[in-house]
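Dear colleague,

I am handing over the structure we spoke about, with some notes to read alongside it. Please have the model open as you go through them.

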Amino acid sequence: MAKPCKTAILISGSGTNLQAFIDAVEQGTLELNLCVVFSNNPNAPGLERAEKAGIPTTCIQHNDYPDRESFDEALIAELDRFKPDLLVLAGFMRILSTRFVTHYCGRILNIHPALLPAYPGLNTHQRVLESGDAWHGSTVHFVTEKLDAGPRILQGRLAVKPGESAEELALRVQAVEHQIYPQAAAWVGSGKVVFRSGECWRDGKQSDAPVIQNF
Ligand code: GRF
């Protein structure tokens with residue numbers, strides 16, 4: 001990968017994870033070139049965060065396309081103008097087609113608010129509380145065709161507090177995400193972590209288990 005790694009961040013909403021990337025780059029603790037922020041939602045507050053930071057922004061609305069394939073085709077064409085090495089999904093609320101995932105094979109990261117493989121899908125905080133789990137957290141993983149199931153890179157783990165609400169838990173998980181996502185992206189951007197033959201490799205070794213950090 002080129003240095004610093006050209007990184008596109010894809011959002012749909014508030015963009016607090018995007019902000020964590022912006023802050024880390026500005027503070028000099030993260031060496032990535034944030035080359036574009038894409039949103040499928042023109043009202044995503046994250047777009048303003050990017051503009052404030054002087055990062056180019058672009059938006060294509062999925063509603064303007066008849067199906068997922070044609071939207072993803074347009075998205076590829078748009079993103080490729082910026083020649084990104086890495087794609088960071090940060091609250092991008094779209095399921096990606098095979099064509100898209102194949103085009104950027106091994107170069108797409110996602111963050112999911114649960115300790116995958118537990119709780120793929122939505123409403124993770126509520127589901128964790130209902131199950132009475134002792135631990136919760138968030139997972140950074142490579143994106144493959146299977147939703148929330150690509151090779152895991154890094155997990156941030158925290159103990160669930162007795163009596164806390166889903167909202168309180170969500171806020172604590174979000175704070176963890178702001179630490180682990182830039183960290184994992186730095187590993188991929190520097191080549192410490194790579195996606196090879198459908199697996200995650202760290203420091204030249206295949207690693208099925210993610211790195212776990214406790215918070
Ligand atoms: C995060 O909680 C992430 O786990 C999920 O979407 C949320 C995005 O939040 N994939 P934000 O837009 O970065 O604040």
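What follows describes the ligand site and then a loop beside it in my notes.

This is a predicted model, in which local features need pLDDT of at least 70 and side-chain atom pairs count only at pLDDT 80 or more, while totals for chains, interfaces and linings use all residues. Residues are numbered from 1 along each chain as its sequence is written, and side-chain values use heavy atoms, with hydrogens and water left out.

The shell around the ligand (residues with a heavy atom within 4 Å of it) consists of Ser14, Gly15, Thr16, Asn17, Gly91, Ile111, His112, Pro113, Gln174 and Glu177. Domain 1 (1–104) and domain 2 (109–215) both contribute residues to this shell, so the ligand lies between them; the domain bounds come from an automatic or database domain assignment.

Among the polar contacts (pairs of N or O atoms within 3.5 Å), a polar side-chain atom of glutamate 177 lies 2.5 Å from an oxygen atom of the ligand. A polar backbone atom of asparagine 17 is 2.8 Å from a ligand oxygen atom, and a polar backbone atom of isoleucine 111 is 2.8 Å from a ligand nitrogen atom. Taken alone the ligand exposes 370 Å², of which the protein buries 80%, with accessible areas from the Shrake-Rupley method and a 1.4 Å probe.

Helix 1 (16–27), strand 5 (108–112) and helix 6 (166–190) are the elements that give two or more residues to the shell; helices (H or I, at least four residues) and strands (E, at least two) are DSSP runs, numbered from the N terminus.

Turning to the loop between strand 5 and helix 5 (124–131), proline 117 is placed there, and a cis peptide bond with omega of about 15° joins leucine 116 to proline 117. Asparagine 123 is found in that loop as well, and has a positive phi of about 50° although it is not a glycine.

With best regards

Terms used
Polar contact = N/O pair within 3.5 Å; in protein donor to acceptor, adjacent residues only side chain to side chain.
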